[in-house]
Amino acid sequence: MKKTFFLAILLVINFKISFGKNYVLPLKFEKTFIFNDSITIDNAYFLVTKNGTNCSKSFAENYGSRVIVALDNVKIKSSKGTFNLKRGEIAVFLESESYESPIGSFFEVAFKKNHPELKQPEKWVEPLKNKIIYDDAEFRVFEERLNPGDVRELHSHAQQIVVRLNTVQLTDPRFHPEGKTGTGIQVENTAKFAEPMVHVTKNLSKIPLFNIVIEFKIPHQ
């Protein structure tokens with residue numbers, strides 16, 4: 001019994017020495033434990049995956065363009081070169097382009113081909129105070145920013161994916177100027193699909209709103 005006990009202690013000591021604080025796990029081993037690959041959105045228009053890729057190959061069946069949105073420092077090796085992205089930066093890949101699974105934390109947003117006809121908002125009013133960072137015939141990507149307490153006046157959106165980078169509370173001040181407890185909260189590092197809308201947005205938080213919005217183009221745009 002005593003002999004077994006001492007052998008167990010020796011094994012624990014040996015394990016601590018082998019895997020002590022100076023030991024660095026291989027990157028792939030770290031990624032397996034740190035990140036949880038998961039599909040977060042799968043509808044008729046988009047497939048969105050967090051920390052994993054489902055559409056990295058060129059001419060993937062039923063998929064066209066793809067957008068990688070970085071949630072921290074991300075490295076991507078692709079058919080058009082290597083990208084080193086910082087949080088909030090993007091890389092766009094057309095249907096003919098391919099890439100390896102990125103290293104880091106990110107969202108992969110893939111556009112589905114043969115999707116239903118796009119819906120339109122009741123009217124179109126271009127949103128102000130945003131910065132467009134990609135624009136083509138099918139979709140655009142913009143940084144959605146709004147300072148604490150600031151208001152984005154009446155504006156429209158098409159069908160879109162919103163990647164939230166800051167946790168803030170928003171409201172439409174036409175109806176709830178000071179918001180409602182527990183509503184309008186956007187949680188950082190999450191993604192949401194949104195249908196077309198026309199609304200006013202106010203940032204109730206003490207930090208800026210920061211989203212990456214990937215939005216279909218419709219004829220009036």
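How many salt bridges does a search of the whole structure find? The search turns up twelve, a salt bridge being a side-chain nitrogen of Lys or Arg within 4 Å of a carboxyl oxygen of Asp or Glu.

Before the details, a word on the source. This is a predicted model, in which local features need pLDDT of at least 70 and side-chain atom pairs count only at pLDDT 80 or more, while totals for chains, interfaces and linings use all residues. Residues are numbered from 1 along each chain as its sequence is written, and side-chain values use heavy atoms, with hydrogens and water left out.

**Salt bridges**

Here are three of the salt bridges.

| Salt bridge | Closest N and O atoms |
|---|---|
| Lys 113 with Glu 95 | 2.7 Å |
| Arg 140 with Glu 126 | 2.8 Å |
| Asp 172 with Arg 174 | 2.7 Å |

Let's start with Lys 113 and Glu 95, which form a salt bridge. Lys 113 sits in the loop between β7 and β8 (130-135) and Glu 95 in the loop between β6 and β7, so the pair ties together parts that are 18 residues apart in sequence. Strands here are DSSP runs (E, at least two residues), numbered from the N terminus. Lys 113 is partly exposed at 33% relative accessibility, and Glu 95 is partly exposed too, with 25%. As for the cut-offs, buried means under 20% relative accessible area, exposed means over 50%, and partly exposed is in between (1.4 Å probe, protein chains only).

Next comes the salt bridge of Arg 140 with Glu 126. This pair links distant parts of the chain, with Arg 140 in strand β9 (residues 139-146) and Glu 126 in the loop between β7 and β8, 14 residues apart. Arg 140 counts as buried at 5% relative accessibility, whereas Glu 126 is partly exposed at 36%.

In the last row of the table, Asp 172 is buried, with a relative accessible area of 15%, and Arg 174 is partly exposed, with 44%. Elsewhere, salt bridges that share partners join Glu 126, Arg 140 and Glu 215 into one network.

**Strand β16 and its partners**

Which strand holds Phe 216? That's β16 (residues 209-216). Eight of the eight residues of β16 are buried, so the strand is largely enclosed by the rest of the structure. Leu 209, Asn 211, Val 213 and Glu 215 point one way from β16, while Phe 210, Ile 212, Ile 214 and Phe 216 point the other way.

Strands β9 and β16 pair in the antiparallel sense over eight bridges; two strands pair if DSSP finds at least two bridges between them. Phe 142 stands opposite Val 213 in β16. Strand β11 (residues 160-164) also pairs with β16 in the antiparallel sense, over five bridges.

Within β11 you'll find Gln 160, which stands opposite Glu 215 in β16. Gln 160 is buried, with a relative accessible area of 4%. Its side chain makes a polar contact with the side chain of Glu 215 at 2.8 Å. A polar contact is a pair of N or O atoms within 3.5 Å; within protein, one must be able to donate a hydrogen and the other to accept it, and residues adjacent in sequence count only if both atoms are side-chain atoms.

**Rings**

The structure holds ten aromatic pairs. Rings of Phe, Tyr and Trp (its six-membered ring) pair if their centres lie within 6.5 Å; planes under 30 degrees apart count as stacked, over 60 as edge-to-face and the rest as tilted. The rings of Tyr 45 and Phe 216 have their centres 6.1 Å apart and their planes at 70°, so this pair is edge-to-face. Tyr 45 lies in the loop between β1 and β2 and Phe 216 in β16, so the pair ties together parts that are 171 residues apart in sequence. Both Tyr 45 and Phe 216 are buried. They also belong to one aromatic cluster, together with Phe 46, Phe 111, Tyr 134, Phe 139 and Phe 193.

Some rings have a charge sitting over them, with NZ of Lys or CZ of Arg within 6 Å of the ring centre and within 35 degrees of the ring normal. Arg 145 lies over the face of Phe 210, at 3.7 Å from the ring centre. The charged end of Lys 80 sits over the ring of Phe 93, 5.2 Å from its centre.

Note on methods:
Helix = DSSP H or I, 4+ residues; strand = E, 2+ residues; numbered from the N terminus.
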